[in-house]
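Colleague: Please give me a close look at one part of this model: the paired strands and what sits around them. Keep it plain, and explain each term as you go.

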Amino acid sequence: DELIATGAASEPYLGIVGATAFETLPDDGRIPIGVQVESVEPGSAAHRAGIVAGDTITSISGTELETMDELVAALRRYEAGAGVEVDLLRGATRETLAIVLGAR
């Protein structure tokens, strides 16, 4: 609809560089546990909400995330400007942050 109305389409933008985070099991196997934030773009939605490098994003608005691909897919369900809740691990602490997604 946006493309037809304006000739361009924006996509929701969180403003992080991340990678799949893994937990190492006792048998040295690894399982994905979320998205490790490697960096945050200054002024982005993530920056304004307080996400920092080292955080691990585990869900967006109730959608559990294990991989970076799942984060990308989850964000595509929203429009730029939508409000979402991001659950994350910061060290051993779980936090929930309210974020208004930016546009790219």
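Modeller: Two strands pair if DSSP finds at least two bridges between them. Strands (E, at least two residues) and helices (H or I, at least four) are DSSP runs, numbered from the N terminus. This is a predicted model, where local features need pLDDT of at least 70, side-chain atom pairs count only at pLDDT 80 or more, and totals for chains, interfaces and linings use all residues. Residues are numbered from 1 along each chain as its sequence is written, and side-chain values use heavy atoms, without hydrogens or water.

Start with S2 and S3. Nine bridges join S2 and S3, in the antiparallel sense. One pair to find is Thr24 with its bridge partner Arg30, which belongs to S3. Five residues separate the two strands, and S2 and S3 form a hairpin. Look at Asp28 in the turn: its phi is positive, about 70°.

Now turn to S3 again. S3 also pairs with S4, residues 56-60, in the antiparallel sense. Here there are two bridges. Gln36 has Thr56, in S4, as its bridge partner. So far, then, S3 has been seen pairing with S2 and with S4.

Follow the chain past S3. Ser44 lies in the loop between S3 and H2. Ser44 is buried (under 20% relative accessible area, with exposed over 50% and partly exposed in between, using a 1.4 Å probe on protein chains only), because its own relative accessible area is 5%. Leave aside neighbours within four places in sequence, and Ser44 is in contact (heavy atoms within 4.5 Å) with Leu14 and Gly15.

Leu14 leads us to the largest nonpolar core. A nonpolar core is a set of buried Ala, Val, Leu, Ile, Met, Phe, Trp, Tyr and Cys residues joined through side-chain atoms within 4.5 Å. The largest one here has 21 residues. Leu14, Ile16, Ile51, Ile57, Leu71, Val86 and Ile99 have the most contacts inside it. Both S3 and S4 supply at least two residues of this core. H2 (45-49), H3, S6 (83-90) and S7 (93-100) each do so as well. In soluble globular proteins, nonpolar side chains tend to be buried together.

Finish at Ile99. Not counting residues up to four places away in sequence, Ile99 touches Leu14, Ala45, Ala49 and Ile51. Its list also includes Ala82, Gly83, Val84 and Val86. Leu14 thus appears twice: Ser44 is in contact with it, and Ile99 touches it.
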